[in-house]
Amino acid sequence: MEHYKFNQNKKCEYFPCHKIENPEENFSCMFCYCPLYMLGRECGGNFKYTESGIKDCSNCVLPHLKETSYKHIMSKIKLVIEKTREKK
Ligand code: SF4
């Protein structure tokens, strides 16, 4: 795996902030604040909405899996760019 696709911060007070198997080996901190949050229901992750309409990602590990997170985030990043593009 290319190094730019993965990093870890084991000194973080919250590491690992989500439960996955073998986090010492597999937990990626690269997308700590998920860049897909703004996509709402289109992010592809395991979210739910609270009764007050807040998107809750507590059960989603998609941005934290070493082998797949980078590929998934990149597969959606054009949608993020499109949604934030300034319309002329
Ligand atoms: S953490 Fe998961 S559910 Fe939340 S925005 Fe990112 S991909 Fe979607």
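**A guided tour of the predicted model**

The protein chain contains two helices and two strands. This is a predicted model. Colour the protein chain by secondary structure and follow the elements from the N terminus: the order is α-β-β-α.

Next, display the C-alpha trace of the protein chain. Along its principal axes the trace spans about 45 × 35 × 20 Å. Of the 88 residues in the protein chain, 28% are buried. Should contacts be displayed, consider those in the protein chain with a separation of 6 or more: 51% of them join residues 24 or more positions apart.

Now select the ligand, which sits in the largest pocket. To show its surroundings, select Cys 34, Leu 36, Tyr 37, Cys 43, Gly 45, Asn 46, Phe 47, Lys 55, Cys 57, Cys 60 and Pro 63. Colouring this shell by residue class gives eight nonpolar residues, two polar residues and one charged residue.

From the ligand, move to Glu 2, which lies in the segment before helix 1 (23–26). Is Glu 2 buried or exposed? Neither term applies: Glu 2 counts as partly exposed because its relative accessibility is 38%, a value between the limits of 20% for buried and 50% for exposed.

With the side chains shown, select Lys 5 together with Glu 2. The two side chains make a polar contact at 3.1 Å. Finally, add His 72 to the selection and draw a C-alpha to C-alpha distance from Glu 2: the two residues are 15 Å apart in space and 70 residues apart in sequence.

Technical notes: Residues numbered from 1 in each chain as written. Predicted model: local features only at pLDDT ≥ 70, side-chain atom pairs only at ≥ 80, totals over all residues. Heavy atoms only, no water. Near = heavy atom within 4 Å. 1 Å grid on protein atoms, 1.4 Å probe; cavity = no way out; pocket = protein on both sides within 12 Å on 5 of 7 lines; lining within 4 Å. Sits in = over half its atoms within 2 Å of the grid points. Nonpolar A, V, L, I, M, F, W, Y, C, P; charged D, E, K, R; others polar. Helix = DSSP H or I, 4+ residues; strand = E, 2+ residues; numbered from the N terminus. Buried < 20%, exposed > 50% of the residue type's maximum accessible area, 1.4 Å probe, protein only. Polar contact = N/O pair within 3.5 Å; in protein donor to acceptor, adjacent residues only side chain to side chain. Contact = heavy atoms within 4.5 Å.
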